[in-house]
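Open the model in your viewer and keep the selection panel at hand. The tour goes from one selection to the next and says what is found at each stop.

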Amino acid sequence: MSDDTTRPGNDASVLPLRGYRVLDFGWAVAAPTVGLALADMGAEVLRVESRGRLDGLRLGESMARQASIVNDPSPDIEMEMHPLFHIVNRAKLGITVNIRKPEGVVLVRQMARLCDVVIENFSPGVLDRVGLGYRDLRRERPDVIMLSMSSMGQSGPLRDVTTYAPTIASLVGLHGLIGYPDRLLGMAAGGFADANAGLMGVFAVLASLRHRQRTGQGQYIDMSQGEATAVLMGEALMDNAMNKRVQRPVGNARPGMAPYGVYPCKGDDQWVSIAVKTQAEWEALCRAVGNPEWTREDTFADAYSRKRNSDALDKRLAEWTRQHTPEEATERLQSHGVAAAPVLDIGQVYRHPQFQARQAFVHIEHPYIGKEAMYGTVWRLSGTPGGVFRRAPFLGEHNSYAFGELLGLPQDSLERLQADQAIS
Amino acid sequence: MTPGVLEDVRVLEIGQGISSCFCGKLFADMGAEVIKVEPPDAGDELRAHGPFPGDVPHPERSGLFLYLNTSKLGVTLDVTGPTGRGIFRKLLDSADVLVENHAPGTLASWGLDIPALLDAFPRLVVTSVTPYGQSGPWRDYRGYDINVSALSGVAAGIGSPDREPLALPLAQTEYQGAIAGAVATLFALFARDMTGRGQHVDVSSADVIATMHVAHSKLPPVLYRGARHARTGHRDPEMPYPQTTLPCKDGYMCLGAPQIQQWARFTEAIGNPDWVQNPRYRKRRAMAQEYPDEVDALLAPWLMARTKEEIFALCREHHVPFAPIRTMDEVASDPHLAERGFFVAADHPAAGPLTYPGAPFRLSAAGWAIRRPAPLHGEHNEEVYCKRLGYSRDDLCALRRAEVV
């Protein structure tokens with residue numbers, strides 16, 4: 001941990017969002033990530049689920065089956081054993097409501113009165129149709145902040161398009177930039193659009209909460225994952241706007257930097273990344289690799305020539321990197337002041353001393369599958385670090401609390417609502 | 001000027017490159033007052049980055065600079081010397097947030113040690129966005145986007161298996177660090193409401209990418225199933241077939257059908273060719289992991305006879321989540337984004353009228369807007385130093401001659 005945490009004023013018990021309550025209808029990854037960040041920093045986040053329409057992350061055979069302490073789990077237990085669900089829903093409370101039932105809709109409206117923020121990523125129009133759209137919720141709570149996250153937004157010709165993360169990245173040009181100069185691959189790793197939208201969504205919600213503090217005004221946030229991703233393509237979009245240029249995949253190249261890329265190392269499929277920008281960094285690299293003759297050629301004398309001759313430069317540098325493991329190359333280069341880092345797979349990331357020192361990963365005990373690894377808070381706040389590392393809820397685990405305590409419904413009402421499948 | 005949800009927040013931004021710029025931009029476009037502090041000589045390095053209109057470089061016409069610095073005021077200041085440092089402290093006096101992205105220890109070397117700043121300005125939030133963060137064995141290591149991509153695990157999953165691993169395009173790790181920095185800054189402002197104090201917000205781009213972008217979905221299969229986190233080219237064999245990018249008549253399509261009904265609807269939409277009945281092509285896991293080339297070849301004739309938009313239209317009709325791999329001109333002229341009003345026109349005194357990507361989200365009240373174009377180098381020196389801090393024009397000239405501003 002940084003030295004700052006020992007300064008006076010570090011208070012792990014101050015949670016920046018304590019006292020705020022969130023109704024989180026999000027499912028899959030993108031929208032629940034918003035609720036997750038708010039929960040991590042102290043908000044009470046009620047994850048709304050429904051037995052009749054389970055989150056896809058709860059379905060199927062759990063990959064953690066063999067870690068399970070329960071042999072031959074029933075479906076009710078198996079749905080509680082999915083690591084991906086646990087990760088994006090930790091620190092949240094779990095309730096079940098069936099919004100296809102009028103009584104379920106009434107429950108949600110009542111709940112909304114007690115909530116500062118409502119998050120959803122249903123297909124556009126779904127909540128409006130059952131009477132839980134922004135207009136409806138605003139009647140219950142005029143200053144509510146509602147975040148509607150969708151693939152391509154609540155309006156427009158692609159409003160109803162079926163998508164998931166790779167579709168979005170394809171539609172806004174990200175995938176079209178991935179590949180080598182001679183081969184487009186169009187495939188990113190994991191759901192880039194999901195995590196990005198999650199972070200952007202938190203920003204929008206927090207900004208809206210501050211605005212409400214000052215003005216008393218609520219907010220409707222129409223968030224398109226496509227647009228949230230398109231804003232990251234500015235460099236290429238400006239080139240098109242200015243010059244009608246259509247950028248294509250360039251491998252790892254970046255303007256103005258050479259050497260810049262990933263170089264082969266000793267061992268099977270081992271690689272090190274190296275980046276040089278300034279003349280001083282170049283001279284440091286020359287020293288690090290032992291000042292061989294070739295580094296003194298005019299071809300590589302300054303940044304302009306290095307970029308012009310980057311293919312030849314890469315070949316030369318690879319001759320050196322091939323003699324070292326990624327860690328050796330990194331250590332040698334960094335000790336001379338050159339930017340270098342090994343290409344790590346996620347297993348190596350998990351065990352790496354830097355990420356361990358940063359507490360990037362935490363472990364949370366789960367009754368069915370034991371200790372689970374997941375990421376901690378992604379930011380380090382020196383004064384109020386936050387971090388509520390409580391396991392994800394079981395389905396409907398906090399129904400009594402939410403409907404009994406918060407809404408004050410008597411036990412017989414709860415039982416009737418359950419029998420009528422409104423709480424379900 | 002349109003009111004904004006963050007209009008009561010005052011941000012000082014001092015940095016080089018994408019991560020500090022984008023963090024400041026997120027605040028500025030939402031109405032915060034963001035004063036960008038640039039070195040008096042060349043300014044932010046992005047002024048030399050481009051792209052440039054007609055490919056003619058000009059420090060006031062760099063596309064990436066223009067885009068990432070909308071809605072900000074701009075001053076020049078050399079904070080490394082005593083006079084400049086003193087002026088900077090005067091600016092800090094009325095700031096809620098300082099955003100910076102220098103290597104850890106740099107500010108301290110300029111006499112602007114962060115813990116000391118937090119003592120001198122108790123309500124100040126200092127947000128530092130760096131490749132590896134302010135702590136840990138890598139604290140003093142150098143890093144650019146390619147290095148963060150390598151260390152964080154994202155590059156291990158992108159690229160052809162027989163070629164070098166790839167980073168995400170256009171330095172994405174810097175943007176993600178910037179967004180996380182903006183989010184964490186707002187959390188710090190909420191904390192300030194409770195405690196009356198600011199704090200140091202420390203964001204590492206490597207942390208953000210490694211956790212939220214890679215580990216959240218890639219770590220569990222490694223830990224529980226002993227899966228290998230590796231690059232797999234134009235397809236993802238972990239998903240049932242198809243999860244792949246394939247050529248068509250005028251470009252490429254991204255094919256994905258996580259749910260079996262979606263795949264069934266697609267095969268129906270293409271007229272139920274005979275091969276679909278073959279049991280070999282009904283086992284989506286085997287198709288993905290054992291003989292994907294074979295199935296790609298079966299799809300090829302149909303794909304190569306049709307354009308991206310024809311295929312996309314057909315897929316939308318049948319609720320199949322395939323998508324065209326759009327190129328930048330197609331994104332720029334996308335009728336959907338046009339109807340959404342995503343692209344925004346803004347005029348700039350040196351670059352002229354241009355179209356910019358717009359809001360990452362739409363707010364109903366006091367929303368996102370480009371409130372002014374990116375500042376010229378030192379454009380607001382007079383307004384900030386003279387009108388606000390009380391320096392005379394004489395002072396300003398003297399400071400300029402001394403290269404303090």
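Begin with helix H8 of chain B, where there is a kink of about 70° centred on Ala215(B). The model is a predicted one, and what follows describes that prediction.

**Stop 1: along the kinked helix**

Select residues 205–225 of chain B to show the whole of H8(B), which has 21 residues. From the first C-alpha to the last, H8(B) reaches 28 Å, close to the 30 Å expected at 1.5 Å a residue. Is H8(B) mostly enclosed by the rest of the structure or not? Of its 21 residues, 16 are buried, so H8(B) is largely enclosed. A residue counts as buried here because 20 or more other C-beta atoms lie within 10 Å of its own. Now step just past the end of H8(B) to Gly226(B), which takes a positive phi of about 60°.

**Stop 2: a cis bond and a sheet in chain B**

Move on to Pro242(B), in the loop between H8 and S7 of chain B. The peptide bond that leads from Tyr241(B) to Pro242(B) is cis, with omega near 0°. Most residues other than glycine have a negative phi, and most peptide bonds are trans.

Next, select the strands S7, S8 and S9 of chain B. They form an open sheet in the order S7-S8-S9, with antiparallel pairing. Strand S7 (243–248) and strand S9 (323–324) are the edge strands, each pairing on one side only. Strands of a sheet pair through backbone hydrogen bonds, either parallel or antiparallel. Between S8(B), residues 251–256, and S9(B) there are two bridges; look for Met253(B), whose bridge partner in S9(B) is Pro324(B). Add residues 292–304 of chain B to the selection: this is helix H11, which packs on the sheet and touches S7 and S8. The direction of H11(B) makes about 40° with that of S7(B).

A second cis bond can be shown by selecting Gly50(B) and Pro51(B), where omega is near -5°. Pro51(B) belongs to the loop between strand S2 (33–38) and helix H2 (63–68) of chain B.

**Stop 3: where the chains meet**

Show both chains. How many residues of chain A are in contact with chain B? The count is 128 residues of chain A, in contact with 130 residues of chain B. Helix H8 of chain A, residues 192–215, gives the most to chain A's side, with 15 residues. That side has 77 nonpolar, 38 polar and 13 charged residues.

Zoom in on strand S14 of chain A (residues 379–381) and strand S6 of chain B (residues 200–204): three bridges join them, and they run antiparallel. Arg380(A) has Asp202(B) as its bridge partner in S6(B).

**Stop 4: chain A and two positive phi values**

Hide chain B. Chain A has 18 helices and 14 strands, and its C-alpha atoms fill a box of roughly 85 × 50 × 50 Å along the principal axes. Of its 424 residues, 57% count as buried.

Select Lys244(A), in the loop between helix H10 (234–243) and strand S9 (260–264) of chain A. Lys244(A) is not a glycine, although its phi is positive, about 55°. With 10 other C-beta atoms within 10 Å, Lys244(A) is exposed.

End at Asp269(A), in the loop between S9 and strand S10 (271–275) of chain A. Here too phi is positive, near 55°, in a residue other than glycine. Asp269(A) has 14 C-beta neighbours inside 10 Å, so it counts as partly exposed.

Terms used. Residues are numbered from 1 along each chain as its sequence is written. Chains are lettered from A and ligands numbered from 1 in the order in which they are written. This is a predicted model: local features need pLDDT of at least 70, side-chain atom pairs count only at pLDDT 80 or more; totals for chains, interfaces and linings use all residues. Two residues are in contact if their C-beta atoms, placed from the backbone, lie within 7 Å. Helices (H or I, at least four residues) and strands (E, at least two) are DSSP runs, numbered from the N terminus. Ala, Val, Leu, Ile, Met, Phe, Trp, Tyr, Cys and Pro count as nonpolar, Asp, Glu, Lys and Arg as charged, and the others, Gly among them, as polar. Two strands pair if DSSP finds at least two bridges between them. Axes are lines fitted to C-alpha atoms, for helices over the stretch in contact, and angles run from 0 to 180 degrees between N-to-C directions. The expected span of a helix is 1.5 Å times one less than its number of residues. The bend at a residue is the angle between axes fitted to the seven residues ending there and the seven starting there. A residue is buried if 20 or more other C-beta atoms lie within 10 Å of its own, exposed if 12 or fewer, and partly exposed in between; C-beta atoms are placed from the backbone.
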